[in-house]
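Thanks for asking me to look this one over. Here are my notes, in numbered points, to read alongside the model.

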Amino acid sequence: MLKNERKLAVVFAIALTAISLSGCSVGAEEVNLGSFFGAPVTLVFSTSHGKSDGEKLCSSIRDRLSEIERCLSTEEIGSDIYKFNAAHGSRNIKITKTAFEVLTIAKKYYIETGGAFDPTVYRLTDLWGFTARHKTKDYKPLYAYDRQREGDYSFALPDEKFVQAFLSLVDFAAVEFKSQAVGDETVYYLSYDGEDVTVDGVAYNMQIDLSAIAKGYAADEAQKLINQSGISGIYISFGGSSLYLADNEGRSWGLGVVNPIDNSFRRSFARIEVKNKFVATSGTYENSYIYGGATYHHIIDSATGRPSESNILSV
């Protein structure tokens, strides 16, 4: 939990929802590409380009983002991750190349962070009230561990027995994935060798969520398509918290840096120059609620099973 009176701990916190971009012409064209993991995706052309070329690029990016979400979504029935999360105990699931690539990246960061980044905290994320179902207008408790949602979208704290039970499921090291050549085709598998945990006679399985790195992967894929198009002066935004800024005809893009705890969310207090870079931010202010005078947020500590405690509000 986080005390509400805590001050900003990092000066260089990029809050892209209030970003100000320079180097973008007055007549810039903004195209809505739909949503990706619940976040609106916007592609902006700041320079002139052929209409058909622009439409082709937008279509190719939209199709690729849809494909990625169909593979990684925890909500979409039939996705690779949905199928894995629906199974109990040990399992071996056939997956797509896209899911395999993202899992490979996830394992890399799991190892590099010493387990601090662990996609298997998904059960705990749900326990604390930070998955998509908790934000729906008609939310109702579904599982034994669910609590009623208050009018301010806060929740009472979960029972400790569930915190400890779901913490025992956190183990990305036990999740394996491999590729196998079958004739001229390469087949990919996702497996887990472990058991469910039982609380009050109900079995709960290990589940994973790759949304934490999905935007970064999607931005890399968008970058490939943008470079192939030959169109310059483009940036793509994923819900405001993530941006890929392509070449701006040799110039840099100017990003305004704002204070993540500034309620007005408009005033920049610093500026950086970026070109051909992916920039992202994540912070405790993005998805949180206050209960009992303390703030609880969506960044779960894989070592404690609780929202992480730190003086860092945004990175």
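**Notes on salt bridges, helix α5 and a hairpin**

1. Let me start with R64, which is buried, with a relative accessible area of 15%. Please keep in mind throughout that this is a predicted model. R64 counts as buried because the cut-off is under 20% relative accessible area. Its salt-bridge partner E67 is partly exposed, at 34%.

2. The side chains of R64 and E67 meet with an N to O distance of 2.9 Å. Why are these two separated by about one helical turn? They are 3 residues apart in helix α1, which covers residues 51-72. An α-helix has 3.6 residues a turn, so residues three or four places apart point the same way.

3. The pair is also part of something wider: R64, E67, E221 and K224 are linked in a network of salt bridges. For the whole structure, the count of salt bridges is 8.

4. Next comes the salt bridge between R306 and E160, whose closest N and O atoms are 2.4 Å apart. R306 sits in the segment after β16 (294-297) and E160 in helix α5 (residues 160-167), so this pair ties together parts that are 146 residues apart in sequence. Neither end is hidden from view: R306 is partly exposed at 29% relative accessible area, and E160 is partly exposed at 36%.

5. Helix α5 has another salt bridge to offer, between the side chains of K161 and D200, at 2.6 Å from N to O. This one links distant parts of the chain, with K161 in helix α5 and D200 in the loop between β8 (197-199) and β9 (202-204), 39 residues apart. Are the two residues buried or exposed? K161 is partly exposed, with a relative accessible area of 38%, while D200 is exposed, at 60%.

6. K161 is worth a second look for its backbone. D159 caps the N-terminal end of α5, with a side-chain oxygen 3.0 Å from the backbone nitrogen of K161.

7. What do the buried residues of α5 pack against? Those residues are F162, V163, A165, F166 and L167, and they pack against α4, β8 and β9. β8 and β9 are also the strands that flank the loop holding D200.

8. In the loop between α4 (122-127) and α5 you will find F155. F155 counts as buried, at 1% relative accessibility. Leaving aside neighbours within four places in sequence, F155 is in contact with G129, H134, Y139, R147, Q148, R149, Y289 and Y291. For Y291, the separation from F155 is 136 residues in sequence, yet 6.9 Å in space from C-alpha to C-alpha.

9. Y291 brings us to strand β15 (residues 288-291), which runs antiparallel to β16 and is joined to it by 4 bridges. Within this pairing, I290 stands opposite T295 in β16. The hairpin of β15 and β16 has 2 residues between the strands, and G292 takes a positive phi near 65 degrees there.

10. If you have time for a brief second pass, I would suggest viewing two places together. One is the start of α5, where D159 provides the cap, E160 bridges to R306 and K161 bridges to D200. The other is F155, whose contacts include Y289 and Y291, with Y291 belonging to the span of β15.

Methods: Residues are numbered from 1 along each chain as its sequence is written. This is a predicted model: local features need pLDDT of at least 70, side-chain atom pairs count only at pLDDT 80 or more; totals for chains, interfaces and linings use all residues. Side-chain values use heavy atoms; hydrogens and water are left out. A salt bridge is a side-chain nitrogen of Lys or Arg within 4 Å of a carboxyl oxygen of Asp or Glu. Buried means under 20% relative accessible area, exposed over 50%, partly exposed in between (1.4 Å probe, protein chains only). Contact means heavy atoms within 4.5 Å. Two strands pair if DSSP finds at least two bridges between them. A polar contact is a pair of N or O atoms within 3.5 Å; within protein, one must be able to donate a hydrogen and the other to accept it, and residues adjacent in sequence count only if both atoms are side-chain atoms.
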